[in-house]
Amino acid sequence: MIVRIFSDGQYRIPEDAQERLHELDNKSVAAIDAADEAAFTAAYAALIELIHANGERLADDELEPSDLMLPPADITLEEARTEFTGEGLLPD
Amino acid sequence: MPGLTGRMSTIVKAKVSKVLDRAEDPAETLDYSYTKQLELLQNVKKGIADVVTSKKRLQMQEAQMQQQVVKLDTQARQALAANREDLARTALERKQSVQTELQSLDSQIGELEDQQQKLVDSEAAMRAKLEAFRTKKEVIKAQYSAAEAQVRISEAATGVGEQMADVGLAMQRALDKTENMKARASAVGELEAAGTFEDLTQLGPGKDDIDRQLEAIGAGGAVDDELAKMKAELGSGAPAQQAIEAGPDAEPAASAPEEPAEGEQSESAQ
């Protein structure tokens, strides 16, 4: 599976790390729904850390589409809410 | 796909397929999307230039405020030397608030620098991807039938489209930050115009009220000195000598009744 972190790059994630990745993704979203900034920051930092630790970075000139796209590591809860989960850039 | 990642993926894929659906001929699609991405890259360059300009403006503002801190510090020392602790306190209070502003400005400049770096990195990755896309589209055009090409094109275009979405977000975040700063700068500008910060922002050759009061002290001293000299010339030696020695120390108590005449006197003294 290929994951893109915005303002960072693309990473190829081995299968054994994927379950943990989805867990942390869900945790991040739960924190956004609860408007819990501290919980969001912690969960999202752990998610980025997991990708950096387990993923293999793709070169800039590789043209692989990503299976998942994640916000930049320094995203705020508010930005994550409006740009990545809410009615952000495009209507449904 | 639910979660944080789902929405962005959906948006990018929707945008890319919109582009791909536009043309019937794969070769045409490829050339169109390549040209389109090159155009977008020009916008990114302009975005980076905007961020750099905003940062320079903030840095100039920072330099001016640093000068103001030095000036207020000097004023406080002058006021203390003239036994005007009240005036020294006013100058130091202003120095404190300028320093607080400076700290906030400093962290804003830091944040803007971060955004700028991300934008530059993202643009470089975009260039690399676009170059790979340019090569790949020629290969696809030469080697594949229309049906086969469609799949490869979709993959390649999504790869590029994602990177463009990445650059787009980096640009949006950087520009949002500069917009916030512009709004803040204009709010400060309005306060200045209303006189609220008049003393804090008085820069360059302009004189603020502390300057004027310090000058008044200097003028007062000069008046005392001149008076003492005149008295000495008129021959009343001993009291004049006493007046010269006591002049600066005795000044605060003596200055109040003399004030109306000080301006004129000091001009003729220069």
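Two strands are taken to pair if DSSP finds at least two bridges between them. In the predicted model considered here, strand 1 and strand 2 of chain A fulfil this condition, being joined by four bridges and running antiparallel, and A:Ile5 has A:Gly9 in strand 2 as its bridge partner. This pairing belongs to a chain whose secondary structure comprises three helices and four strands, arranged from the N terminus in the order β-β-α-α-β-β-α. Of the 92 residues of chain A, 42% are classed as buried, and the chain exposes about 4500 Å², of which carbon and sulfur atoms supply 48%. When contacts in chain A between residues at least 6 apart in sequence are considered, 68% of them join residues at least 24 apart.

The four strands of chain A form an open sheet with mixed pairing, in the order 3-2-1-4. Strand 3 (56–57) and strand 4 occupy the edges, and because each has a single partner strand, one side of each is left without a neighbour in the sheet. Strands of a sheet pair through backbone hydrogen bonds, in either a parallel or an antiparallel sense. Strand 2 and strand 3 of chain A pair in the antiparallel sense over two bridges, and within this pairing A:Arg12 has A:Glu56 of strand 3 as its bridge partner. Strand 1 and strand 4 of chain A, by contrast, run parallel and are joined by three bridges, with A:Met69 of strand 4 serving as the bridge partner of A:Arg4. Both faces of strand 1 of chain A are covered, since A:Ile2 and A:Arg4 on one side are buried, as are A:Val3 and A:Ile5 on the other.

Two residues in the loops of chain A stand out by their backbone geometry. Most residues other than glycine have a negative phi. A:Ser7, although it is not a glycine, has a positive phi of about 60 degrees, and this residue is found in the loop between strand 1 (2–5) and strand 2 (9–12) of chain A. The hairpin formed by these two strands has three residues between them. With a relative accessible area of 23%, A:Ser7 is partly exposed. A:Ala35, likewise not a glycine, takes a positive phi of about 55 degrees and lies in the loop between helix 1 (18–33) and helix 2 of chain A. The relative accessibility of A:Ala35 is 57%, and A:Ala35 therefore counts as exposed.

Helix 2 of chain A lies across strand 1, strand 2, strand 3 and strand 4 of the chain, and its direction makes an angle of about 125 degrees with strand 1. One aromatic pair is present over all chains of the structure, and this pair consists of A:Phe40 and A:Tyr44, which are stacked at 5.6 Å centre to centre with 5 degrees between the planes. Both residues lie in helix 2 (residues 37–54) of chain A, where a spacing of four residues places them about one turn of the helix apart; A:Phe40 and A:Tyr44 are both buried.

The loop between strand 4 (68–70) and helix 3 (77–85) of chain A contains A:Ala73. When residues up to four places away in sequence are not counted, A:Ala73 touches A:Ile5, A:Phe6, A:Tyr44 and A:Ile48, so that contact here denotes heavy atoms within 4.5 Å. A:Ala73 and A:Glu49, which are 24 residues apart in sequence, are separated by 9.5 Å in space from C-alpha to C-alpha.

The largest nonpolar core contains 41 residues, and those with the most contacts inside it are B:Leu119, B:Met126 and B:Phe133. The elements giving two or more residues to this core are helix 2 (26–81), helix 3 (85–143), helix 4 (146–193) and helix 6 (209–233) of chain B, with the largest share, 14 residues, coming from helix 3 of chain B. A second, separate core has 20 residues, including A:Phe40, A:Leu47, A:Leu77 and A:Ala80. As for B:Met126, its contacts, not counting residues up to four places away in sequence, are with B:Gln37, B:Leu41, B:Val160, B:Gln163, B:Met164 and B:Val167.

Technical notes
Residues numbered from 1 in each chain as written. Chains lettered and ligands numbered in written order. Predicted model: local features only at pLDDT ≥ 70, side-chain atom pairs only at ≥ 80, totals over all residues. Heavy atoms only, no water. Buried < 20%, exposed > 50% of the residue type's maximum accessible area, 1.4 Å probe, protein only. Areas by Shrake-Rupley, 256 points an atom, 1.4 Å probe, with all protein chains shown as cover. Phe/Tyr/Trp six-rings, centres within 6.5 Å; stacked < 30°, edge-to-face > 60°. Core = buried A, V, L, I, M, F, W, Y, C linked by side-chain atoms within 4.5 Å. Axes fitted to C-alpha atoms, helices over the stretch in contact; angles between N-to-C directions.
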